[in-house]
Amino acid sequence: MRAKSRHYAIPLLVASIAIAGCGGTGKTKKDEIEEPSIPSGVVGAPGDPAKPISFDIGGAAFRPGGTLSMPLDAYIPQADRVQLFRALDILDRECMKEQGVDWPGQPREQGINLPVEAEYGVIDLDWAKLHGYEVPPSPDAAGQANTPPPAELSSAAVAAYFGNPQKKEPGCEGKSQQKLSTSKSEAAYQYVRGLQDKAHSRSMNDSRVRAVNAEWSKCMKDAGFSYPDPMAAATDKVLLGKGGVPSTTQEKTAAAADATCKRVTQYVQIRAVVTAAYQKGLIETNAEKLREGQGEWTQVLERANEVLRGKQ
């Protein structure tokens with residue numbers, strides 16, 4: 001059975017800003033950029049709460065079913081990462097076998113995407129009426145609900161897999177990465193994540209996003225709820241209680257109003273299109289570095305596919 005969670009809370013892009021090195025309290029002239037233009041008609045066109053969100057504007061595409069694609073996604077090779085992790089898993093197991101130790105641990109991250117709601121909050125009106133602020137499962141997590149938990153690991157297996165970081169002695173995990181020379185491709189991946197963080201940060205300070213936050217807040221107030229922005233509603237401990245399920249009637253009512261107000265104000269559309277505009281600007285100014293990263297991914301995939309072909 002799927003574990004139920006309330007974690008709309010903090011989008012990964014926001015949480016990873018400090019890690020990616022895109023944060024900072026001081027602004028330089030280089031950081032001070034003009035707000036990019038977006039296609040006309042995006043702002044001021046109310047949406048219909050009875051209809052699902054669907055748009056493809058300015059590089060941002062939201063499709064029925066809850067998937068959102070953005071310009072920088074082209075430089076985050078999600079499917080390629082899955083292939084790479086599969087190859088690394090094979091090398092891990094071979095290394096462990098050579099040391100006479102079984103590795104019953106779970107495979108490396110296989111690239112499961114968080115649902116769009118983790119970034120934008122509750123979106124689907126029907127879901128909100130039934131589940132409140134419970135986060136729906138990721139589209140690519142289907143069929144994984146019955147995955148058995150990992151077996152308990154022996155101390156010998158842990159030592160063989162992780163090595164001795166204090167002495168800088170890699171275990172099988174590190175040796176697999178060294179064998180495929182993943183450091184540059186991973187650096188390229190993190191570089192793109194840093195650009196995503198930067199676009200997110202800039203978009204949240206954009207006047208059009210601030211305006212739609214205010215419109216959403218007014219819409220919620222008219223419905224009887226007082227919140228400055230959607231994340232405040234999704235993380236209200238008074239409303240959510242201890243985060244248990246099933247959701248309360250009050251929570252479902254608030255979530256339904258939230259989803260309705262997002263649709264009426266075109267909250268998701270405006271935020272996505274503005275963020276896409278910032279992403280396109282960053283792609284243009286970082287084109288050479290992004291091309292280099294794509295080249296690193298091409299090379300590491302060649303090495304990964306050699307491992308995968310050897311097991312077919």
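The following paragraphs lead from the chain as a whole to its sheet, its cores and a few individual residues. The structure is a predicted model.

The chain contains 312 residues, and 43% of them count as buried. Its secondary structure comprises 14 helices and five strands. One way to describe how the chain folds back on itself is to consider contacts between residues with a separation of 6 or more. Of these contacts, 80% involve residues 24 or more positions apart. The accessible surface of the chain comes to about 17400 Å², and carbon and sulfur atoms provide 53% of that area.

The sheet offers a convenient place to begin. Strands of a sheet pair through backbone hydrogen bonds, either parallel or antiparallel. Here three strands form an open sheet in the order β1-β2-β3, and the pairing is antiparallel. The strands at the edges are β1 (55–57) and β3 (67–69), each of which pairs on one side only. From one strand to the next, the twist averages 10°.

The pairing can be followed residue by residue. Three bridges join β1 to β2. Within this pair, Phe-55 stands opposite Phe-62 in β2, while Asp-56 has Ala-61 of β2 as its bridge partner. The hairpin of β1 and β2 has two residues between the strands, and Gly-58 in this hairpin takes a positive phi near 60°. On the other side, β2 is joined to β3 by three bridges. Phe-62 appears again here, for it stands opposite Leu-68 in β3. The hairpin of β2 and β3 has three residues between the strands, and in its turn Gly-65 has a positive phi of about 110°. A helix also belongs to this picture: α13 lies across β1, β2 and β3 and runs at about 30° to β1.

Attention may now turn to the interior. Which residues of the largest nonpolar core touch the most other members? They are Leu-180 and Val-268, in a core of 44 residues. The elements that give two or more residues to this core are β2 (60–63), α3 (78–98), α8 (183–204), α9 (207–222), α13 (267–285) and α14 (287–310). Of the elements, α13 gives the most, with eleven residues. The surroundings of Leu-180 can be described in detail. Leaving aside residues up to four places away in sequence, Leu-180 touches Leu-84, Ala-87, Leu-88, Leu-91, Val-300, Arg-303, Ala-304 and Val-307. Apart from the largest core lies another core, of 19 residues, which includes Leu-125, Tyr-227, Leu-239 and Ala-257.

Helix α6 shows how buried residues can be arranged around a helix. An α-helix has 3.6 residues a turn, so residues three or four places apart point the same way. In α6 (residues 155–162), the residues Ala-157, Ala-160 and Tyr-161 are buried. Seen down the axis of α6, these buried residues fall within an arc of 95°, and they therefore line one face of the helix. They pack against α3, β4 (163–164) and α7 (172–180). After α6 comes Gly-163, whose phi is positive, near 75°.

Two residues other than glycine also have a positive phi. For Ser-181 the value is near 50°, and for Gln-266 it is about 60°. Ser-181 is found in the loop between α7 and α8, whereas Gln-266 is found in the loop between α12 (249–265) and α13. Are these residues buried or exposed? Ser-181 counts as partly exposed because its relative accessibility is 39%, a value between the limits of 20% and 50%. Gln-266 has a relative accessible area of 10% and is therefore buried, since buried means under 20%.

Lys-179 provides a final example. This residue lies in helix α7 and counts as exposed because its relative accessibility is 59%. Along the chain, Lys-179 and Ala-304 are 125 residues apart, but their C-alpha atoms are separated by 9.7 Å. Ala-304 is also one of the residues that Leu-180 touches.

Conventions
Residues numbered from 1 in each chain as written. Predicted model: local features only at pLDDT ≥ 70, side-chain atom pairs only at ≥ 80, totals over all residues. Heavy atoms only, no water. Helix = DSSP H or I, 4+ residues; strand = E, 2+ residues; numbered from the N terminus. Buried < 20%, exposed > 50% of the residue type's maximum accessible area, 1.4 Å probe, protein only. Contact = heavy atoms within 4.5 Å. Areas by Shrake-Rupley, 256 points an atom, 1.4 Å probe, with all protein chains shown as cover. Core = buried A, V, L, I, M, F, W, Y, C linked by side-chain atoms within 4.5 Å. Pairing = 2+ DSSP bridges. Axes fitted to C-alpha atoms, helices over the stretch in contact; angles between N-to-C directions. Arc of directions from axis to C-beta.
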